[in-house]
Amino acid sequence: MTALLLEARGLVQQYDTSRGLFGRATSVRAVDGVDLQVNRGEILGIVGESGSGKSTLGRMLLGLERPHDGQVLWQGQPLPAPYSAAWRSLRAQMQLIFQDPLAALDRRMTIADQIGEPFIIHGLAKGAEAMAKVAGLMARVGLRPDQAGRYPHELSGGQRQRVVIARALASSPRFIVCDEPVSALDVSIQAQVVNLLRDLQEQSDLTMVFISHDLKVVRNICDRVAVMYLGRIVEEGPSDVIFSDPRHPYTQALVSSIPKAGTGLSHRVILQGEPPNPAARPTGCAFHPRCGAADRACALEVPVLELNRGRLTACLKLRATGAQAA
């Protein structure tokens, strides 16, 4: 049986914004009532269009942002308050791999110093012992010993991302959030980094949340997938099931965008319009203005995420028929 490592209950993140000097403040819900479970040793993918709340959710799972409402449980216990002593102690077990490796690294520090920094912060090793651990981490992620004294600008994008991964592994974490870790890399380098992450996960029994808009990558690396739209999860299930038999109309549109060799574009589901403004969320189902299957009820009632034939979906049409939406 799988053991639950981390759980989100009713997570809400709300930001207040203003329009100009004399504008009235408005509230934007980047994450709107998310329930999520992450099991030990699995890779959970979170997908959706830009602005769907994926990265905000990832930061809240790590305790880097305090939720406006709801809570995150780590092994059944609420996360400590951000930046408290208990939170800092727990941070060694929870790490983040950033989207842009160059922005995530200090350009004034050598690669070895940056990989070894967690040893100093968490008091894990020092001196010759720390240097030996740094060398071991570099070898583990495929970096050469002669690169230890180099600076970030002297490395390629793929090499910099390997540095970020090595630094994240330095504290021997149990849980890692990968926030678009390959989106800034060339396709050939993407495959290398994805294979590296999968190998590291299998070797160390790591638990990962993999945030991405690249469905091909998610399909190849993730065990389970949660699909987000405008701050809410609309479908969740095993990766092979989600990609072979998507049921929510939004998931169907996303999956149809994955290129298939030898086929044209006739299978594509083209969504109408742009995602709604989070500050002016549509009534009822947030997806209904772009959904070809929507009816009057969809504009009035907010669907809840519930079990439907082996996976979780949030769609009134699916709830009514128990079958795949058109």
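Residues 24 or more positions apart account for 64% of the contacts with a separation of 6 or more in this protein. The model behind that figure is a predicted one. Its secondary structure amounts to 11 helices and 12 strands. The radius of gyration is 21 Å, and since a compact globule of 326 residues would come out near 20 Å, the two agree. Laid along its principal axes, the C-alpha trace covers about 70 × 50 × 50 Å.

As for surface and charge, buried residues make up 49% of the 326 in the chain. The protein exposes about 15700 Å², with carbon and sulfur atoms supplying 52% of that area. On the charge side, there are 36 positive and 31 negative side chains. The centres of these two sets sit 2 Å apart.

Next come the strands. In general, strands of a sheet pair through backbone hydrogen bonds, in either a parallel or an antiparallel sense. One open sheet here has four strands in the order β2-β1-β4-β5, and the pairing is antiparallel. The edges belong to β2 (26-39) and β5 (77-78); each has a single partner strand, so one side of each is left without a neighbour in the sheet. Further in, β1 (residues 4-17) and β4 (residues 69-74) run antiparallel and are joined by five bridges. To pick out one spot in that pairing, L6 has W74 of β4 as its bridge partner.

Strand β7 (residues 175-179) paints another picture. Five of its five residues are buried, and that goes for both faces: F175, V177 and D179 point to one side, I176 and C178 to the other. So what does β7 pair with? Strand β6 (residues 94-97) runs parallel to β7 and is joined to it by four bridges, with I97 standing opposite C178. Strand β8 (residues 207-211) also pairs with β7 in the parallel sense, this time over five bridges. There, F175 has T207 of β8 as its bridge partner. F175 thus turns up both among the buried residues of β7 and in the pairing with β8, while C178 is buried on the other side and faces I97.

Strand β10 (residues 232-238) is mostly covered too, with five of its seven residues buried. Six bridges tie β10 to β9 (residues 224-229), and the two strands run antiparallel. The hairpin they form has two residues between the strands, and L230 in this hairpin takes a positive phi near 50°. β10 also runs antiparallel to β12, with two bridges joining them. E236 of β10 shows up in both pairings: A226 has E236 as its bridge partner, and E236 stands opposite L312 in β12.

T313 belongs to that same β12, which spans residues 311-313. Is T313 buried or exposed? At 2% relative accessibility, T313 counts as buried, because the cut-off for that label is under 20%. Leaving out residues up to four places away in sequence, T313 touches V234, E235, V304, L305, E306, N308 and L318. Two of the residues on that list, V234 and E235, fall within the 232-238 stretch of β10.

Over on the helical side, Q190 lies in α7, the helix made of residues 187-204. Q190 also counts as buried, at 13% relative accessibility. Once neighbours within four places in sequence are set aside, Q190 is in contact with V182, S183, L185, D214 and V217.

S257 makes a handy contrast. This residue sits in the loop between α10 (249-256) and β11 (306-308). With a relative accessibility of 32%, S257 counts as partly exposed. Where does S257 make contacts, apart from residues up to four places away in sequence? S257 touches L215 and R268. Set against M138, S257 is 119 residues away in sequence and 37 Å away in space, C-alpha to C-alpha.

Key: Residues are numbered from 1 along each chain as its sequence is written. This is a predicted model: local features need pLDDT of at least 70, side-chain atom pairs count only at pLDDT 80 or more; totals for chains, interfaces and linings use all residues. Side-chain values use heavy atoms; hydrogens and water are left out. The radius of gyration is taken over C-alpha atoms; the globule rule is 2.2 Å times the number of residues to the power 0.38. Buried means under 20% relative accessible area, exposed over 50%, partly exposed in between (1.4 Å probe, protein chains only). Contact means heavy atoms within 4.5 Å. Accessible areas come from the Shrake-Rupley method with a 1.4 Å probe; for residues, only the protein chains shown count as cover. Lys and Arg count as positive and Asp and Glu as negative; His and the chain ends are not counted. The place of a charge is taken as NZ of Lys, CZ of Arg, CG of Asp or CD of Glu. Two strands pair if DSSP finds at least two bridges between them.
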